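Colleague: I should like to learn how to read disulfides and burial in a model of this kind. May we go through the features in turn?

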Amino acid sequence: MTGYSAWRELCGLSTPVRESDLAGIVGNGVLARKLLHLYENRGHFRAGSARGPLLACLIAKQFKTLRGGDRFWWQNEGVFSSAQRDALHTTSLSRIICDNTHIRLVPFDPFAHTLHPDDLLPCAHIGHMNLSAWREPKNENIFCHPVCGAVPRLSLGFSVLCESAVMYQCPTGYLLQGATQITCDPNTHQWTPQPPTCQDIDECSTHPSVCPPHLQCLNTPGGHTCTPVTSGFLNPWHINHINELLFVAYAEPAAPPLSASSIVPSVMSVLGGVALIVLFLTCYQRKAEKVECCQRRS
């Protein structure tokens, strides 16, 4: 990892060479002596205060790099219109805290240390962001570009005009066919390329099916429904189920009906078994009574 001296050089700060140089930077001669004793290579130790010049420089470089690498940064051209950027510039973190929390007293600058509660302001004193810059005119004839004229709109979908570009998006359940963005050609005064269209997605044609096997999938604009099978229409699951029932019915013929000659012997066998059980219980009870009588006489 790059050492302390290299980072200071990157930020245009002085590089410590002697112990006195380091002591002047950290503001402590004892700490400087311990750091030099701990690290054999004087350029590889890592020191600094909680927020000294070096750390402040590195944080600023990091945030600047993050901003420059974000193509959707709100200040970049083509992301928002000039009026929208002005509206965003007037908002503050204090206003965001008021709009999204139950806090009602906030500092005017939330990044600054507030010493006393009296320095806090009610949310009513924090200005709101003006959203009128995002409002589209109700009259479509007004929604036009000064060079290319009327902006092509989607019969079903969303469009946003940003400077000389129009961005399109389809609602859920629809697929955008064509370019997601068209621009105004200042030479031909025409929008290029052709505006896209929104095509309905047929969820019922996907595999596996979006509906359970015992329900019928019906495609609807922007979605689908899973409904029971209506009369006169059978889906593959019902056809297979019926085929299985028919196969069982034909593969296992029903047993012939019982006749009177076969029922009578069965009934006689059951009655004979019941009679034997009753006789056995009667004999067992009489024997038990005789044993008890003999015991009493003795």
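Modeller: The discussion below moves from the overall make-up to the disulfides and then to one arginine. Please bear in mind throughout that this is a predicted model.

Colleague: Let us begin with the overall make-up. How many helices and strands does the protein have?

Modeller: The protein has 8 helices and 12 strands.

Colleague: What share of the residues counts as buried?

Modeller: A residue counts as buried when its relative accessible area is under 20%. Of the 298 residues of the protein, 17% meet that criterion. The exposed surface comes to about 22600 Å², and carbon and sulfur atoms supply 61% of that area.

Colleague: Which share of the contacts joins residues at least 24 apart in sequence?

Modeller: The share is 33%, taken among contacts between residues at least 6 apart in sequence.

Colleague: I turn to the disulfides. How many are there, and what is their pairing in sequence order?

Modeller: A disulfide is assigned when two cysteine sulfur atoms lie within 2.5 Å. The count by this rule is 6 disulfides. With the bonded cysteines numbered in sequence order, the pairing reads 1-2, 3-4, 5-7, 6-8, 9-11, 10-12.

Colleague: Consider Cys11 and Cys57. Where does each lie, and how many residues apart are they?

Modeller: Cys11 is joined to Cys57 with an S to S distance of 2.0 Å. This disulfide links distant parts of the chain: Cys11 is in the loop between α1 (4-10) and α2 (19-26), whereas Cys57 belongs to helix α4 (residues 53-69), 46 residues apart. Both Cys11 and Cys57 are buried.

Colleague: Why is the disulfide of Cys11 and Cys57 called left-handed?

Modeller: The handedness is read from the torsion about the S-S bond, which is about -95 degrees for Cys11 and Cys57, so their disulfide is left-handed.

Colleague: What can be said of the link between Cys98 and Cys123?

Modeller: The sulfur atoms of Cys98 and Cys123 are 2.1 Å apart. Their link is left-handed, with -85 degrees about the S-S bond. Cys98 lies in helix α6 and Cys123 in the loop between β2 (121-122) and β3 (144-145), so the disulfide ties together parts that are 25 residues apart in sequence. Both Cys98 and Cys123 are buried.

Colleague: Are Cys204 and Cys217 buried or partly exposed?

Modeller: Each partner has to be judged by its own relative accessibility. Cys204 has 25% and therefore counts as partly exposed, while Cys217, with a relative accessible area of 19%, is buried. The sulfur atoms of Cys204 and Cys217 are 2.0 Å apart, and their link is left-handed with -80 degrees about the S-S bond. The disulfide connects Cys204, in the loop between β10 (197-200) and β11 (216-220), with Cys217 in strand β11, 13 residues apart.

Colleague: Finally, where is Arg95 placed, and why does Arg95 count as buried?

Modeller: Arg95 is part of helix α6 (residues 93-100). Its relative accessibility is 6%, and Arg95 therefore counts as buried.

Colleague: Which polar partners does the side chain of Arg95 have?

Modeller: For a charged side chain, one examines side-chain and backbone partners alike. The side chains of Arg95 and Asp99 are joined by a polar contact of 2.9 Å. A polar atom of the Arg95 side chain also lies 2.9 Å from the backbone oxygen of Cys123, a residue that is itself disulfide-bonded to Cys98.

Colleague: Which residues does Arg95 touch beyond its sequence neighbours?

Modeller: With residues up to four places away in sequence left out, Arg95 touches Cys123, Ile126, Gly127 and His128.

Terms used
Residues numbered from 1 in each chain as written. Predicted model: local features only at pLDDT ≥ 70, side-chain atom pairs only at ≥ 80, totals over all residues. Heavy atoms only, no water. Helix = DSSP H or I, 4+ residues; strand = E, 2+ residues; numbered from the N terminus. Buried < 20%, exposed > 50% of the residue type's maximum accessible area, 1.4 Å probe, protein only. Polar contact = N/O pair within 3.5 Å; in protein donor to acceptor, adjacent residues only side chain to side chain. Contact = heavy atoms within 4.5 Å. Areas by Shrake-Rupley, 256 points an atom, 1.4 Å probe, with all protein chains shown as cover.
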